[in-house]
Amino acid sequence: MPKIARSRTLKKAIPRNTGTLWLPAFCDLHIHGAFGLDFMAINAVSEKTFLSELRRVSELLCQHGIAHYAPTLLTSEWSTLEATVAKWAKLLSSLRSQPRIWPKNAALPIGLHLEGPFLQPEYAGAHPRSAILAPTAPRLRRLLSCGSGHIRIVTLAPEITGAIPAIKTLVKAGVRVQLGHSRANTAQSLAAINAGARGLTHLFNAMRTHHRDPGLEAALCWPNVTAEIITDGVHVHPAKVYQLAKAGSDRHYAVSDCCAVAHAPKASLQTLGELRVTQHGGAAYVANKHGRATTTLAGSARLLPEHPALLYRALTQDLSLPIDKKTLLSLFTPPAFAGVKTRFFANFEAETLRFVRCAER
Ligand SMILES: [Zn+2]
């Protein structure tokens, strides 16, 4: 795994030798937890315990090259979701007002990503169907009030009842709307873009797409629309990622969609909201009553900084596809809308990543 080398300035940190590629530190905008911590667990423990756990996990994320992340919350029963959002908003407000409580060598949570509850039940994936709701005006008001300005991204399905006015309300409130967990056809997808949606959540996963009616994928024809892509080698085939990277588009950016099982003790059972999940082959799966993996994917078990080397190996060795590292790494640059200032640079050489701390926050 990558290691951090410390250096006081960027100039000192970057060696002048050629053949070294530098990329900004990772920003994971779709992450449900890691190192045994489920971000939904803020409800299950005391404020103090959760804060100290989050600090521990954020320091570990930083050691792996992640400088910023958007804690991503799963669909859950409405009152639980309200409480979860409110508790996170309180925590994020205190980080903003007293930045000193956050260690300098810890990744910084930059706002919440709500994945649901306004999804298409048929494309729910691991989200509990019973908790999926229609986005009514009172629910949106309540959610925005609980979030106190800390909700950065909402993923919703544009074809469900009330989705179009909901998109307008969220966009007006400064929230980025991403389309996902959806069976929307092309016309429904474009209506959502016209209403102000600007993103796609985990492109190709939990969406219906067909070359005669591309559905959500068609949204990428419009300028200013960008899409997450899970680059863990499991959720999207490396050949598909290769196509996107080779197209040289700045319309796709990598996310992990990882959860508590990432870097948790091997074969341990972890929670993902109300679910129990376990890992197998780099991915997280919903566990059955015996604690074994079912076939329902529940996210990744790999942190985002692990993805580039893995992809590079899969493309060049397993598939014999030529790709230069710079092209591949363009997928891992934080998208502009994240608005993050990079504090680290990661150095990608051969199959290893090295991170150099280059500036204070
Ligand atoms: Zn997710």
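Q: How do helix α3 and helix α4 sit, and at what angle do their axes cross?
A: The axes of α3 (residues 78-97) and α4 (residues 137-147) come within 7 Å and cross at roughly 30°. Axes here are lines fitted to C-alpha atoms, over the stretch in contact for helices, with angles from 0 to 180 degrees between N-to-C directions. So α3 is roughly parallel to α4, a label for angles under 35 degrees.

Q: Which residues make that contact?
A: From α3, Glu82, Val85, Ala86 and Ala89; from α4, Arg142, Leu143, Cys146 and Gly147. Contact means C-beta atoms, placed from the backbone, within 7 Å.

Q: Is this predicted, and what's the numbering?
A: It's a predicted model, where local features need pLDDT of at least 70 and side-chain atom pairs count only at pLDDT 80 or more, while totals for chains, interfaces and linings use all residues. Residues are numbered from 1 along each chain as its sequence is written.

Q: Switching topic: where is tyrosine 242?
A: Tyrosine 242 is in helix α7 (residues 238-246). Helices are DSSP runs of H or I with at least four residues, strands are E runs of at least two, and both are numbered from the N terminus.

Q: Buried or exposed?
A: Tyrosine 242 is partly exposed, because 19 other C-beta atoms lie within 10 Å; 20 or more would be buried, 12 or fewer exposed.

Q: What does tyrosine 242 touch?
A: Leaving aside neighbours within four places in sequence, Leu315, Leu321 and Ile323.

Q: And overall, how many helices and strands?
A: Nine helices and 19 strands, with buried residues making up 47% of the 361.

Note on methods: Angles under 35 degrees count as roughly parallel, over 145 as roughly antiparallel, 65 to 115 as roughly perpendicular and the rest as oblique. Two residues are in contact if their C-beta atoms, placed from the backbone, lie within 7 Å.
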